[in-house]
Amino acid sequence: MKRRAFLQKAIPAAVTGGLLLGCRREEGAPAVITQPRIDWRLGSSFPRSLDALFGASEVLAKRVAELTDNRFRIRPYPAGELVPGLQVMDAVQQGTVQVGQTAGYYYTGKHPALAFETTVPFGLTARQQAAWLVGAGGLDLLGEILADFNIVPLYGGGTGAQMGGWFRREIPNLQSLRGLKMRIPGLGGEIMSKLGATVQVLAGSDIYMALERGAIDATEWVGPYDDEKLGLHKIAKFYYYPGWWEPGASIDFYLNRRAWDELPSAYQGAFRAAAAEAAQFMMTTYDRENPAALARLLAGGTQLRRFPDDVMAEAEQIALATMEDRAAKDAAYAKVYAHWKKFRADSFRWFNTAELAYQSFAFPRG
């Protein structure tokens, strides 16, 4: 839903609840405050320098404050400042922070179905992912799993199709992945491991140092705009695409269940409206900034490479087989997977009609 539509719903509710005025005045009587002052802390998995990712949490905080006449305030903390980047889910569950900004696939060790919350190999594009999560009920299903961790999830944006990452050496074929040390999280990391790579999961703030010191030979992150900010091109010159493991990665806001339930309903409405605006900010920022960032990287000596077909084919086969196997063994996973699988099939048929036909004709000539 567009920002205007969300605000049209949220603002009247806020006015009705006394949020924008912050008070209720009876004739001849002094103003009486009708809504409490609430201060929350937000722990993010992302460093402050990534202004599309972490910046979305700042957009959220700013809009929540505006919609509540500064009575509901949220202070965002970047990764490592209050909570380590890969421990945001734990911090929200325990109430160390009331809300987190993170990616579900960081926590597949807690439940493998959380990979679907962010993205899975050969899965949905950014638009399809948002449609599945928000419009088709995917996030509701994942919310049933997160309820066991005292967490309520809300969609917080997407990055678009990601790149395949930075490599110190070329990957001419499937065999060249053997022994490669690579930073890659989630199911994508599991698939890369089955392809022969040695996989590590690192927070964004730790990637540059690991690559520089040789602790890893390759890393994926997001795309040109964010990768340039991390300086990954200064160490690894081969830039691979596409990021088949993250065709449309999404980010979510994790809310501590008790803190969320204790919010006045009007504050919940303000938060939902602000989260929708933050999500729109994230996607539009990437779409605006990635083209120029890629051009700068290429001008600086980055060498663009496409993953070989044998890597893509083997990865797809392993990915789909892995998901089918997990669904056969885990009822909760199977419930999410079946819903996602049907949506994927239907959506792919539609996108293969108008969308792909247009892109195949127009994009090479752009």
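Mentor: A helix here is a DSSP run of H or I with at least four residues, numbered from the N terminus. The model is predicted. Helix H2 covers residues 53-67, and Asp69, with a positive phi near 55°, follows H2.

Trainee: What makes the span of helix H2 close to the expected one?

Mentor: The expected span is 1.5 Å times one less than the number of residues. H2 has 15 residues, for which 21 Å is expected, and its first and last C-alpha atoms are 22 Å apart.

Trainee: Why is H2 called largely enclosed by the rest of the structure?

Mentor: A residue is buried when its relative accessible area is under 20%. Twelve of the 15 residues of H2 meet that condition, so the helix counts as largely enclosed. Among them are Leu53, Phe54, Val59, Leu60, Arg63 and Leu67.

Trainee: Why does Gln101 count as buried?

Mentor: The relative accessibility of Gln101 is 0%, and the cut-off is under 20%; therefore Gln101 counts as buried. Gln101 lies in strand E5, residues 99-102.

Trainee: What does the side chain of Gln101 reach?

Mentor: Its partner is the backbone oxygen of Leu53, at 2.7 Å. The limit for a polar contact is 3.5 Å, so a pair at 2.7 Å is within it. Leu53 is itself one of the buried residues of H2.

Trainee: How do you know that both faces of E5 are covered?

Mentor: In a regular strand the side chains alternate between the two faces of the sheet. In E5, Val99 and Gln101 are on one side, with Gly100 and Thr102 on the other, and all of these are buried.

Trainee: In what order do the strands of the five-stranded open sheet stand?

Mentor: The order is E4-E3-E5-E12-E6, with mixed pairing. What makes E4 (72-77) and E6 (151-160) edge strands is that each pairs on one side only. Neighbouring strands of this sheet are turned by 20° against each other on average, direction ignored.

Trainee: How do you know that E5 pairs with E3 and with E12?

Mentor: Two strands pair if DSSP finds at least two bridges between them. E3 (residues 38-44) and E5 have three, in the parallel sense, with Leu42 opposite Val99. E5 and E12 have four, in the antiparallel sense, with Thr102 opposite Asp252. Both counts reach the required two, so both are pairs.

Trainee: Which helices pack on this sheet?

Mentor: H2 touches E3, E4, E5, E6 and E12 (249-256), and its direction makes about 165° with that of E4. Helix H11 (residues 265-299) touches E3, E4, E5, E6 and E12 too, with its direction at about 20° to that of E6.

Trainee: Why is H6 called roughly antiparallel to H13?

Mentor: Helix H6 (residues 138-146) and helix H13 (residues 331-351) pack at about 175°, with their axes 10 Å apart. Angles over 145 degrees count as roughly antiparallel, so H6 and H13 get that name. The residues that meet include Leu141 and Ile145 in H6, and Val336 and His339 in H13.

Trainee: What makes E9 and E13 edge strands in the sheet of six?

Mentor: That open sheet has the order E9-E8-E10-E7-E11-E13 and mixed pairing. E9 (198-200) and E13 (303-306) each pair on one side only. The partner of E9 is E8 (residues 181-183), in the parallel sense over three bridges, and Arg183 stands opposite Gln200.

Technical notes:
Residues numbered from 1 in each chain as written. Predicted model: local features only at pLDDT ≥ 70, side-chain atom pairs only at ≥ 80, totals over all residues. Heavy atoms only, no water. Buried < 20%, exposed > 50% of the residue type's maximum accessible area, 1.4 Å probe, protein only. Polar contact = N/O pair within 3.5 Å; in protein donor to acceptor, adjacent residues only side chain to side chain. Axes fitted to C-alpha atoms, helices over the stretch in contact; angles between N-to-C directions. Contact = heavy atoms within 4.5 Å. Parallel < 35°, antiparallel > 145°, perpendicular 65-115°, else oblique.
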